[in-house]
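Trainee: I have the model open and would like to go through it with you. Can we start wherever you think is sensible?

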Amino acid sequence: MDKGIVIFKKTKEKIIDIIESLKSSSYEVTQNSKNKTTGIYMIYIDGFESNEVLPIYIGKSIDIQKRYKQHYTELLALNRLSYEEYKKYFFLKNTSFYDGHFKTSKIFKYMVENQKTLKDFHMIILEQTDESELDFKEKKYINEFNSCYFGFNQLNSLTDLINLQMTKSKHSEKDIVNYLDVVNHDIYSCKIYQNYGYTSFNYLYAMPKEIKDTFKLALEDFSWLENDITTIEKKILHLSRQLGDRSMRSQLKARKSMLKLRQTKLESEKQFEVFYNEKLENDFKIKKIYNEVYKQIQTRNKDQIISVESFNEYYFPRYFETNLIQSFRDEDIYKAFVKKENYKSEYTDACEKFQKLRSINNKELYTKIFPENTYKRFPLKDNYQKKTIQLLEDYQKENTCYINIFISNNANNRSIDIEKQPDILNITYTYTDKDGISLNKDCFIKSKITSNKIFLDYIEKNFYDPYAFRRQPFTITMIDDGYISNSFISTLAEYKHGINDYTVTQHELLELDLVLNQIEKLINVDTRFKISISESYNCLKQCFTTKQLQNEFVSKLVTNKLLKIKKQRITNKKVTNKAKLVVKKSIVHPKISRAERYIEKVKNKSNGSIEVSNYISSKEKVTALCRTCGHIWYIRSDHLLARTYCPKCSANKN
């Protein structure tokens, strides 16, 4: 049996066992969990039906909850884009807009082609660990689950290379040897697992083509490693051809030629700069001597006016060194300039040739992680789950109303030129009458966003923004009548409640005033409420202002002034013996006031030496009188209990 199949099946069984043991526990990360911890996590997509791909991704983070939000909202963004729009961003001329974020593209491709939805996206914590051990632990789990060959992770060759390039110090022999071992392992594994996961793409995209360039400085000290590196580079090229990349060799030749011409161009520019600086220096000397000679001639010939023409023709050549004039010729700088421009033109042609080869190669390569077939809008559907509101335990249940309100966005707009209007998307409420009978309603609200029941035109905002500092993907905005608008269901709002354009098309829409009237008919003046809003109360107020809905109930709702649900009193009369003892200790005669009790405490603690008057509360000052010396002072009542002595008497003793 093929070695790849055996390892794939064993790894699959191991992962499924781990998921079964950890899901639905505190190790599962969701939108509502609070796992702000440091450690290693695993993303997985429900249903391990594929015999080629294990839908997992191993990652590390110092805040796993925050990282879950990042991964999930990236998927929400891709789910918004149409097939044509996503394709336009994915296949640019020489690269992809999502380069550096291909992990999300792999997950999206898998989910689309296997008819998965957002409900199938999950994350679990594999291990909580210290920040110092994150790199080691992450690599351990990646190697254990082979997620860079079967799943969505990238090869260790790339991640290790990035870490090496980020180090400022010179690479040691151990660094180079260890990295070569990693590359050798990846070459061997990719050969075995080339038909699994995204191994073929990972290899052709991430495997370093010219390792010597990375360790160029270090190899001056460790030249004996050059033969090993040359052997590995040959292996890389050989396997690349096996995986279908026929242009790698020609691409490498074009790159070497380009880099060589770049060096020559830089040298010619330096030569031209030397000549040009010499000319400037020479011109400055000539001008300086010219002015000095002219002043001397004028001084000697005070009565005679010497014209500039006669000075240049007769006087200046006699005083000026002719060898200085001829020390620099204009034809020298002209030749250097022509040479520089020729090399510049050759370098530009080489760059264009390399970019053309690279563009063709990248287009073929990127198709490996792009959905094979076209798909309809919102292919991953939604993650909205209709839930019955859970009533609070130990709280009043009769004549209560629980209301959950989900809003489209937070209304926080950074630009006055772009509209961002929030709308109420959904109101879910549960009313319990005086007899304890509950009524549950899940109402989707008709608004400007939801009324047409059609998908909006979403785009990548930073792709079209020429002033974007960093053109990061997954920043979604909308086009409305040819203008950018932020009045839509934002991905951050969808992250909270799971509602998107697809959700709206699947439900009946009701007018907001109709839903509010239904609630008002159920409640009375004594009804108590528990209100939950996905955004702020200011945002809710803006929603009602736009709808021009105003009445007493709405006013109290938007200002959070509705009666709150009370906690029920415990009426259980069974008390343990221990509790009875505590109660007995705390029993105080009802006729004795707090002031009298306080005065008695001070008297007992001071052995009757301090007399107190004007007691109000524990935080207010009292008047204290020392019976020994007659000193009177004012002090907070709780401070006096802590220091029951006269400050004057205490000072005299010292």
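Mentor: Let us begin with Arg-636, which is found in strand E15, and please keep in mind throughout that this is a predicted model.

Trainee: Is Arg-636 buried, partly exposed or exposed?

Mentor: Arg-636 counts as partly exposed, since its relative accessibility is 26%, and the cut-offs behind that word are under 20% for buried and over 50% for exposed.

Trainee: And how far apart are the C-alpha atoms of Arg-636 and Val-622?

Mentor: They are separated by 6.0 Å, although the two residues are 14 residues apart along the chain.

Trainee: What about contacts of that sort elsewhere, say for Leu-540 and Ile-405?

Mentor: Leu-540 and Ile-405 are 135 residues apart in sequence, and their C-alpha atoms are 8.7 Å apart in space. Leu-540 belongs to helix H20, which covers residues 537-547, and it is buried, with a relative accessible area of 0%.

Trainee: Where does Ser-172 lie?

Mentor: Ser-172 lies in the loop between helix H7 (156-166) and helix H8 (173-192), where it counts as partly exposed at 29% relative accessibility. From C-alpha to C-alpha, Ser-172 is 9.1 Å from Asp-221, with their positions 49 residues apart in sequence.

Trainee: Switching to charges, how many salt bridges does a search of the whole structure find?

Mentor: That search finds 17 salt bridges. One of them pairs the side chains of Arg-627 and Glu-611, with 2.6 Å from N to O.

Trainee: Which parts of the chain does that pair tie together?

Mentor: Arg-627 lies in the loop between strand E14 (621-626) and strand E15 (632-636), whereas Glu-611 is in strand E13 (residues 610-613), so the salt bridge ties together parts that are 16 residues apart in sequence. Arg-627 is exposed, with a relative accessible area of 54%, while Glu-611 counts as partly exposed at 36%.

Trainee: Which residues are joined into one network by salt bridges that share partners?

Mentor: Lys-60, Asp-135 and Glu-138 are joined in that way.

Trainee: And Lys-137 with Glu-127, are those two buried or exposed?

Mentor: Both Lys-137 and Glu-127 are buried, and their side chains meet in a salt bridge with an N to O distance of 3.0 Å. This pair links distant parts of the chain, with Lys-137 in helix H5 (residues 134-145) and Glu-127 in strand E4 (residues 121-128), the two being 10 residues apart.

Trainee: How are Glu-552 and Lys-556 placed in helix H21?

Mentor: They are four residues apart in helix H21 (residues 552-558), which means that about one helical turn separates them. Glu-552 forms a salt bridge with Lys-556, and the closest N and O atoms are 3.4 Å apart. Glu-552 counts as exposed at 59% relative accessibility, whereas Lys-556 is partly exposed, with a relative accessible area of 35%.

Trainee: Which residues form a positive surface patch?

Mentor: The patch is formed by Arg-594, Arg-597, Lys-601 and Lys-605. Of these, Arg-594 is found in helix H23, residues 594-605, and it is exposed, with a relative accessible area of 54%.

Trainee: How far does H23 reach from its first C-alpha to its last?

Mentor: With 12 residues, H23 reaches 17 Å, which is close to the 16 Å expected at 1.5 Å a residue. Just after H23 comes Asn-607, whose phi is positive, at about 60°.

Trainee: Why do you pick out a positive phi?

Mentor: I pick it out because most residues other than glycine have a negative phi. Asp-481 is another case to look at, with a positive phi of about 55° although it is not a glycine.

Trainee: Where is Asp-481 found?

Mentor: Asp-481 is found in the loop between strand E9 (476-480) and strand E10 (483-485), and at 70% relative accessibility it counts as exposed. Asn-614 also has a positive phi, near 60°, and lies in the loop between E13 and E14, where it counts as exposed at 55% relative accessibility.

Notes. Residues numbered from 1 in each chain as written. Predicted model: local features only at pLDDT ≥ 70, side-chain atom pairs only at ≥ 80, totals over all residues. Heavy atoms only, no water. Patch = residues over 30% accessible without salt bridge, like charges linked within 9 Å, V, L, I, M, F, W, Y side chains within 5 Å. Areas by Shrake-Rupley, 256 points an atom, 1.4 Å probe, with all protein chains shown as cover. Salt bridge = Lys/Arg side-chain N within 4 Å of Asp/Glu carboxyl O. Lys, Arg positive; Asp, Glu negative; His and termini not counted. Charge placed at Lys NZ, Arg CZ, Asp CG, Glu CD. Buried < 20%, exposed > 50% of the residue type's maximum accessible area, 1.4 Å probe, protein only. Expected span 1.5 Å × (residues − 1).
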